[in-house]
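Open the model in your viewer and keep the sequence panel beside it. The stops below say what to select next and what is there.

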Amino acid sequence: MEIKNLGKFDIAVIGAGHAGCEAALACARLGKRTVVFSINLEAVANMFCNPAIGGTGKGHLVREIDALGGEMGLCIDKTFIQSRMLNTAKGPAVHSLRAQADKVRYHDEMKHTLELQKDLLLRQGEVIDIDFGQLDVPGLGISTEKKVRGVLLRTGAYYECKAVIIATGTFLGGKIFIGDSVTPSGPNGLSPAQILAENLKKDGFKLRRFKTGTPARALRQSIDFSKMTVQHGDEHVVPFSFMNDNLDKEQADCWLTYTNEATHELLRANFSRSALFGGQIEGVGPRYCPSIEDKVNRFADKERHQCFVEPEGLSTEEMYLQGMSSSMPEDVQIGFYKTMPGLENLEVVRSAYAIEYDCIDPLDIKLNLEHRDFPGCFCAGQFNGSSGYEEAAAQGLMAGINASLWLDGKEPFVLDRSQGYIGVLIDDLVTKGTNEPYRIMTSRAEYRLVLRQDNADTRLTPLGRKIGLVSDERWARFTKSQEAVDAELARLRGTLTGPAAANTWLESLGSAPLDNRCSLAELLKRPEVTYDNLAAIDPERPELDAHVRTKVEVELKYAGYIEKQLQQIERFQKLESKALPEGLDYLNMEGVRLEARQKLDKLRPASIGQASRISGVSPADINVLLVTLEKMRRSEKKTRQEENDG
């Protein structure tokens, strides 16, 4: 194959899914000439599985992406067809926004954003190799220096670049399973990236197999919604993006139905025909999003499982059967779907399938998402062993930022676990690793009361501004909002009320009466009192937008708990601030157990805090590290004194 050099770029992004889109936009917006490749442009930001953005924990990620200057929140705000705030019966730490998307419009909107972005070229083409010096390129030849020089397409087209971001999703070595039918394929029948997978292995990448799946899509006209429970959207829509206010509009409905014993009997009778149980699938599947046959097998005591019936968009009659992914043969699929209320006459337009793909062990990458063995090669999304659009987008954004900083010779941008769910996600992957597709959850965040979705802008927008991703418009909006929050907190703390003005109103709420005067801020800490119903005795309040009102209420109601968590974070950050030298000789470190020495040598933790989270590293090992650091500090101090004396 003749190699043809078609141009020079700073950064090449392989894959234009949710990770690739955020990565490419971040690079270009930071002034790096960027090219992003997709095997098929119809795959750009495509929702190959659930047509929705957000959910428990995932909504936090989208808010954080937006606060840093990313695109996902803006795109879903433009294209949602239903929006719901989840977990509202619980505390604000776990409130999570979820929006049903018009998947075609979401794809179109994101693709158009990439096309309009300065310094960014969106290119259809299959990357088959990354040039680390091994390719004989006209004008470049072969190099013994192992660094990123460019990428090669199947057509022979070659694009020079100084850094590369791998965001291949489920395309890399993709293989689709429907019963005993096994087809090399990317998601939804698109071409897989087979040659790239083989070449990455030749280059020395250690790849492994994971799998995920998707349910059938059904024809709306064949569904009897009268037998299902309707799921309406929220009356007042909370935007994902901090750049938006009122998004209220007419929303589409979703519906809920259930499996039953007839469903389970049919599935059990055909377990042997499932690719999952038949041995064809070697990849490890997601624990928290199993196929329906896996649910029936693992949870044999459950009488039923939920199936949410959701529209794929406003310009299609396809309905998504959430919770019903399967690798069963098509006849079994149609049979078990039809046992469920409302689906008796179901017409399937796209069959469910399982898909297996190649990914790396995330222990092979650093906290800045750069591969340990390949300088200038950054990794993001499902290639790193995660699952979900939101997890992918978060990693893509961080990979794009760090690839740009790396080219500029600047320090990496790393969020720790106390700064955001993005920090939790990446630290979990890079420090702890994963043996199954990783999914973010609120329970993974130790400091979730501080890491709420409502304050993502307070936590991260100043950091995004410093990096250069937060526009002047976003910054002005953020500072205005922060000033409004601060002013209202001060006003509520300084405004007093007494028994005469408040007790009748408090009685109507079922709240204890006042004996003495107190501030409105103190009243707002009561469970029965909300910022909105406080208006009854607070006629002087200013007009504030919903985002500011929410922040004010949460900050006051949970002030004591937040203060305790901030103290925990302070202790955590003391360990995170104790940096470990890159060249520390762990293998010969006395007092550290062999397993810990090997783990520390492989992962090269950036700090004592990160080292303490590595599986196999004990508190005793950490104490040895602390002693070693102190000895190094004293030795360096002594050396400096001797130099000064000399």
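Buried means under 20% relative accessible area, exposed means over 50%, and partly exposed lies in between (1.4 Å probe, protein chains only). Helices (H or I, at least four residues) and strands (E, at least two) are DSSP runs, numbered from the N terminus. This is a predicted model, in which local features need pLDDT of at least 70 and side-chain atom pairs count only at pLDDT 80 or more, while totals for chains, interfaces and linings use all residues. Residues are numbered from 1 along each chain as its sequence is written, and side-chain values use heavy atoms, with hydrogens and water left out.

**Stop 1: strand 6**

Select residues 96–101, which make up strand 6. How many of its six residues are buried? Six of the six are, and the strand is mostly covered. In a regular strand the side chains alternate between the two faces of the sheet. Here Ser96, Arg98 and Gln100 point one way, Leu97, Ala99 and Ala101 point the other way, and all are buried.

Now add the partners of strand 6; two strands pair if DSSP finds at least two bridges between them. Strand 4 (residues 52–54) pairs with strand 6 in the antiparallel sense over three bridges. Strand 5 (residues 80–86) is also antiparallel to strand 6, over six bridges. Centre on arginine 98: it is the bridge partner of glycine 54 and also of arginine 84.

**Stop 2: helix 3 against helix 4**

Select residues 72–79 (helix 3) and 103–116 (helix 4). Two packed helices are described by the angle between their axes and the distance between the axes. The axes of helix 3 and helix 4 come within 9 Å and cross at roughly 135°. Axes are lines fitted to C-alpha atoms, for helices over the stretch in contact, and angles run from 0 to 180 degrees between N-to-C directions. Helix 3 and helix 4 are therefore oblique to each other; angles under 35 degrees count as roughly parallel, over 145 as roughly antiparallel, 65 to 115 as roughly perpendicular and the rest as oblique.

Show side chains for Met72, Cys75, Ile76, Lys78 and Thr79 of helix 3 and for Arg105, Tyr106, Glu109 and Met110 of helix 4, which make the contact. Contact means heavy atoms within 4.5 Å.

Step back to glutamate 71, in the loop between helix 2 (58–67) and helix 3. Is glutamate 71 buried or exposed? At 6% relative accessibility, it counts as buried. Not counting residues up to four places away in sequence, glutamate 71 touches Glu22, Leu25, Arg29, Ile65, Met110 and Thr113.

**Stop 3: the parallel sheet**

Select strands 7, 3, 2, 11 and 22, which form an open sheet in that order with parallel pairing. Strand 7 (120–124) and strand 22 (377–379) are at the edges, each with a single partner strand, so one side of each has no neighbour in the sheet. Neighbouring strands of this sheet are turned by 20° against each other on average, direction ignored.

Within the sheet, strand 2 (residues 11–14) and strand 11 (residues 163–166) are paired in the parallel sense over four bridges. Isoleucine 11 stands opposite alanine 163 in strand 11. Next add helix 1 (residues 18–29), which packs on the sheet and touches strand 2, strand 3 (34–38), strand 7 and strand 11. The direction of helix 1 makes about 165° with that of strand 3.

**Stop 4: helix 5**

Select residues 194–203; in this helix Leu196, Ala197, Asn199 and Leu200 are buried. Their cover includes strand 2, strand 8 (127–131), strand 11, strand 14 (207–214) and strand 21. Just after helix 5, glycine 204 takes a positive phi of about 115°.

**Stop 5: the antiparallel sheet and alanine 352**

Select strands 16, 17, 18, 19, 15 and 20, an open sheet of six strands in that order with antiparallel pairing. Strand 16 (229–231) and strand 20 are the edge strands, each pairing on one side only. The twist averages 35° from one strand to the next. Strand 15 (residues 217–219) is joined to strand 19 (residues 318–322) by three bridges, and leucine 219 has glutamate 318 as its bridge partner.

Finish on alanine 352, in the loop between strand 20 (348–350) and strand 21 (353–360). Alanine 352 is buried, with a relative accessible area of 0%. Which residues is alanine 352 in contact with, leaving aside its neighbours within four places in sequence? They are Ile178, Thr214, Pro215, Ala216, Ser326, Gln333 and Tyr337.
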